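Here is a friendly tour of one protein model. Please have the sequence and the 3D view open as you read.

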Amino acid sequence: MKHIIILGDGMADWPIKALNNKTLLQAANTPYMDKLAQMGRSGRLMTVAEGFHPGSEVANMSVLGYNLPKVYEGRGPLEAASIGVELQPGEMALRCNTICLEGENIKNHSAGHITTEEADVLVKHLQEQLGDDRVHFYTGVQYRHLLVIKGGDKRIDCTPPHDVPLKPFRPLMVKPMPEAVNIMDPEGQADLTPQETADLLNDLIMRSQEILKNHPINQQRIAEGKDPANSIWPWSPGYRPQMERLSDKFPQLKRGAVISAVDLINGIGYYAGLRRLTVEGATGLYDTNYENKVAAALEALKTDDFVYLHIEASDEAGHEGNIPLKLITIENLDSRAVGPIYEAVKDWDEPVAIAVLPDHPTPCELRTHTSEPIPFLIWYPGIEPDEVQTFDEVAACNGSYGLLKGDEFMNEFMQR
Ligand SMILES: [Zn+2]
């Protein structure tokens with residue numbers, strides 16, 4: 001049997017007063033997801049392990065069955081993989097934003113949403129000026145870049161810049177973790193202490209400000225009334241994750257693919273051993289090209305055993321707190337992804353198992369992610385259905401899979 005996971009990022013939600021206390025999945029018109037829930041079996045899954053923040057990288061790794069405390073290494077290494085940087089043992093990767101400072105304050109985490117083309121010039125310039133045997137800057141996407149420190153110690157405290165808009169930057173600079181300040185890395189990955197690593201990163205931050213201040217790209221942006229990218233901001237450090245490939249854990253999964261517009265998800269796919277399919281018109285927003293994504297998924301299912309189809313749109317609508325828009329994204333997922341995939345594969349000679357689920361809730365009311373268990377459904381030809389008649393947070397509580405955690409969802413899904 002082949003397998004496809006269709007993941008609607010942030011699709012789960014809370015009951016909403018304006019919708020008669022229904023959740024968005026309950027209120028949305030989703031005939032295909034409901035049909036698969038009727039014909040298949042449902043359950044709930046805990047996707048945010050205790051002690052972890054409900055980030056998409058955390059939740060998607062959990063969906064794929066990875067043990068977070070064992071393998072989580074931060075965003076840096078995932079983004080390294082997504083831009084093709086192969087981390088070596090002892091190399092620490094950090095997400096490196098280009099941010100906008102106004103005086104002493106962080107104005108924004110994105111340098112006014114600088115373009116990749118502009119940022120590429122700046123990052124290459126930083127690499128020329130600051131790069132050496134130990135320090136390497138790589139261009140990523142828009143304001144999201146990569147800094148690799150050979151021998152850096154990840155036991156440091158870094159602040160995600162999107163959490164601290166308008167705050168003074170100096171008190172938020174990198175600090176060694178108090179318990180590890182001058183203690184060498186027991187795992188031997190680092191040859192700098194946490195204190196030395198923090199000092200190096202803070203020195204890079206301060207020197208980047210001197211280098212970027214009068215750069216022609218920034219002068220041009222200021223002249224156009226845009227925010228300059230006048231500092232770097234490294235955070236979320238880690239080493240190469242010790243993630244086993246899905247094909248090692250599930251021998252029947254010989255070849256798999258990931259389809260996503262999001263760097264972090266593609267990075268997870270890389271370490272999971274999935275080939276990455278790039279799809280024209282995949283934006284990560286409501287205007288994403290569902291039809292191209294579905295076509296790519298169906299094409300991949302012909303040659304591969306496993307496809308991870310990730311669609312970001314609902315999460316973005318949740319972050320905006322936009323209830324009508326989130327309803328549309330859920331209905332789009334149903335009519336433009338789940339429906340066409342089910343109709344295409346239901347009669348294939350080699351049967352295809354379909355799972356539909358979000359990674360975490362992004363409640364419109366809260367406008368950010370939460371850690372509650374998410375609903376899932378699994379259908380394949382011949383599955384014995386349970387009593388659940390619709391796909392949503394409430395109905396899934398009565399699903400016959402119950403409440404799963406860890407790798408239990410993947411084990412159930414891959415069993416057949
Ligand atoms: Zn997410």
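The report below covers the metal site and then the cysteines.

## About the model

This is a predicted model, in which local features need pLDDT of at least 70, side-chain atom pairs count only at pLDDT 80 or more, and totals for chains, interfaces and linings use all residues. Residues are numbered from 1 along each chain as its sequence is written, and side-chain values use heavy atoms, with hydrogens and water left out.

## The zinc site

Let us start at the zinc ion, whose protein donors are Asp9 (OD, listed twice), Ser56 (OG), Asp359 (OD) and His360 (NE2), at 1.9 to 2.7 Å from the metal. Donors here are N, O and S atoms within 2.8 Å of the metal (3.2 Å for Na, K and Ca); water is not among the atoms, so sites may look incomplete. Along the sequence, the donor residues follow the spacing D-x46-S-x302-D-H.

Ser56 and His360 bring together distant parts of the chain, 304 residues apart: Ser56 belongs to helix α3 (residues 56–63), while His360 sits in the loop between β13 (352–357) and β14 (374–379). Helices (H or I, at least four residues) and strands (E, at least two) are DSSP runs, numbered from the N terminus.

Ser56 is buried at 11% relative accessibility, and His360 is buried at 0%. Buried means under 20% relative accessible area, exposed over 50% and partly exposed in between (1.4 Å probe, protein chains only).

## The cysteines

How many disulfides does a search of the whole structure find? It finds zero, a disulfide being a pair of cysteine sulfur atoms within 2.5 Å. For Cys96, the nearest cysteine sulfur is that of Cys158, 11 Å away. Cys96 is also buried, with a relative accessible area of 2%.

The sulfur of Cys100 has its closest cysteine sulfur in Cys96, 15 Å away, which is too far for a bond. Cys100 is buried as well, at 2% relative accessibility.
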